[in-house]
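Q: Please select one part of this structure and examine it closely. A connected account that then places this part within the whole chain would be most useful.

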Amino acid sequence: MHLGKLVLLPRSPTVDGLLSQYSDYRLQKDGMISDSLREILSGLQRYFDKALYALLLYKNEREQYQEVITGVTYPSFVYGAEHLLRLFVKLPEMLRHANIEEETVTVLRQELQDFLRFLLKNQTSFFSSTYVDAKGSSAC
């Protein structure tokens with residue numbers, strides 16, 4: 001949301017697409033994808049799908065959600081980087097309530113920081129500069 005405007009949906013790339021692009025980037029960079037990274041990316045997507053409506057959307061975004069998320073559509077196939085970043089704000093609190101070993105938390109933190117650097121490096125491709133008002137007309 002930007003000055004009371006809504007992000008135009010569906011986004012491109014979607015959260016699912018971002019995670020796939022990051023996976024491809026890491027495969028190219030490291031020559032492989034570790035099982036732990038695969039699990040972290042899968043967990044991020046699941047957390048996003050579960051948390052979006054309850055924790056990540058602003059009040060004025062909920063009507064848009066109801067319009068775009070239908071039966072079998074997962075939010076990660078519609079929403080993009082703008083909303084995924086909101087999950088990163090909530091993750092520390094969510095992880096505090098999870099029973100995770102310190103070593104695992106350290107690995108998770110390192111992987112998530114690398115993912116955030118990837119988003120930053122590609123921000124012009126991943127984040128929208130176009131927003132719509134609640135009636136659907138474009139605005140910047």
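**Helix α4 and its surroundings**

A: At 1.5 Å a residue, a helix with the 16 residues of α4 should span 22 Å, and the distance of 24 Å between its end C-alpha atoms agrees with that expectation. This helix, like every element described here, belongs to a predicted model. Agreement in span is accompanied by a bend: the axis of α4 turns by about 45 degrees at Lys-90. A proline, Pro-92, follows Lys-90 within four residues.

The buried residues of α4 are Ala-81, Glu-82, His-83, Leu-84, Arg-86, Leu-87, Phe-88, Leu-91 and Met-94. Their cover is drawn from several parts of the chain, including β1, α1, α2, α5 and α6, the last of these at residues 123–126.

Among the buried residues, Arg-86 merits separate attention. Its side chain meets that of Glu-61 in a salt bridge, with N and O 2.6 Å apart. The two partners lie 25 residues apart and link distant parts of the chain, since Arg-86 is in α4 (residues 81–96) whereas Glu-61 is in the loop between α2 (35–56) and α3 (62–68). Both Arg-86 and Glu-61 are buried. In general, side chains of opposite charge can pair when their charged atoms come close.

Helix α2, one of the elements that cover α4, offers a useful contrast in geometry. It has 22 residues, yet its end C-alpha atoms are only 28 Å apart, short of the 32 Å that a straight helix would reach at 1.5 Å a residue. Helix α2 bends by about 45 degrees at Lys-50. Its buried residues include Leu-37, Ile-40, Leu-41, Leu-44, Phe-48, Leu-52 and Leu-56, together with Gly-43, Gln-45, Asp-49 and Ala-51. These buried residues of α2 pack against α1, α3, α4 and α5.

Helices α1 and α5, which also take part in covering α4, are joined to each other by charged side chains. Glu-111 forms a salt bridge with Arg-26, in which the closest N and O atoms are 2.5 Å apart. This pair again links distant parts of the chain: Glu-111 lies in α5 (residues 102–121) and Arg-26 in α1, at a separation of 85 residues. Both partners are buried, and for Arg-26 the relative accessible area is 10%.

Arg-26 has a further partner within its own helix. It forms a salt bridge with Asp-30, the closest N and O atoms being 2.8 Å apart. Because these residues are four positions apart in α1 (residues 15–30), about one helical turn separates them. Asp-30, in contrast to Arg-26, is partly exposed, with a relative accessible area of 39%. Both pairs belong to a network of salt bridges that links Arg-26, Lys-29, Asp-30, Glu-111, Asp-114 and Arg-117. In the whole structure, seven salt bridges are found.

The segment that precedes α1 has its own notable backbone geometry. In general, most peptide bonds are trans. The bond from Leu-9 to Pro-10, however, is cis, with omega near -5 degrees. A cis bond also joins Ser-12 and Pro-13, where omega is about 0 degrees. Pro-10 lies in the loop between β1 (6–7) and α1, and Pro-13 is found in that loop as well.

It remains to place α4 in the fold as a whole. The chain has six helices and three strands, arranged along the sequence in the pattern β-α-α-α-α-α-α-β-β. The radius of gyration is 16 Å, close to the 14 Å that the globule rule gives for 140 residues, so the chain is as compact as a globular protein of that length. Along its principal axes, the C-alpha trace spans about 45 × 35 × 30 Å. Of the 140 residues, 41% are buried. Among contacts with a separation of 6 or more, 74% are between residues 24 or more positions apart.

With regard to annotation, an unreviewed UniProt entry lists residues 4–132 as "domain: MRG". Over those residues the chain is 66% helix and 3% strand, and the end C-alpha atoms are 9 Å apart.

Technical notes: Residues are numbered from 1 along each chain as its sequence is written. This is a predicted model: local features need pLDDT of at least 70, side-chain atom pairs count only at pLDDT 80 or more; totals for chains, interfaces and linings use all residues. Side-chain values use heavy atoms; hydrogens and water are left out. UniProt positions are given in the numbering used here, feature names are shortened, and annotations may be inferred rather than shown by experiment. Helices (H or I, at least four residues) and strands (E, at least two) are DSSP runs, numbered from the N terminus. A salt bridge is a side-chain nitrogen of Lys or Arg within 4 Å of a carboxyl oxygen of Asp or Glu. Buried means under 20% relative accessible area, exposed over 50%, partly exposed in between (1.4 Å probe, protein chains only). The expected span of a helix is 1.5 Å times one less than its number of residues. The bend at a residue is the angle between axes fitted to the seven residues ending there and the seven starting there. Contact means heavy atoms within 4.5 Å. The radius of gyration is taken over C-alpha atoms; the globule rule is 2.2 Å times the number of residues to the power 0.38.
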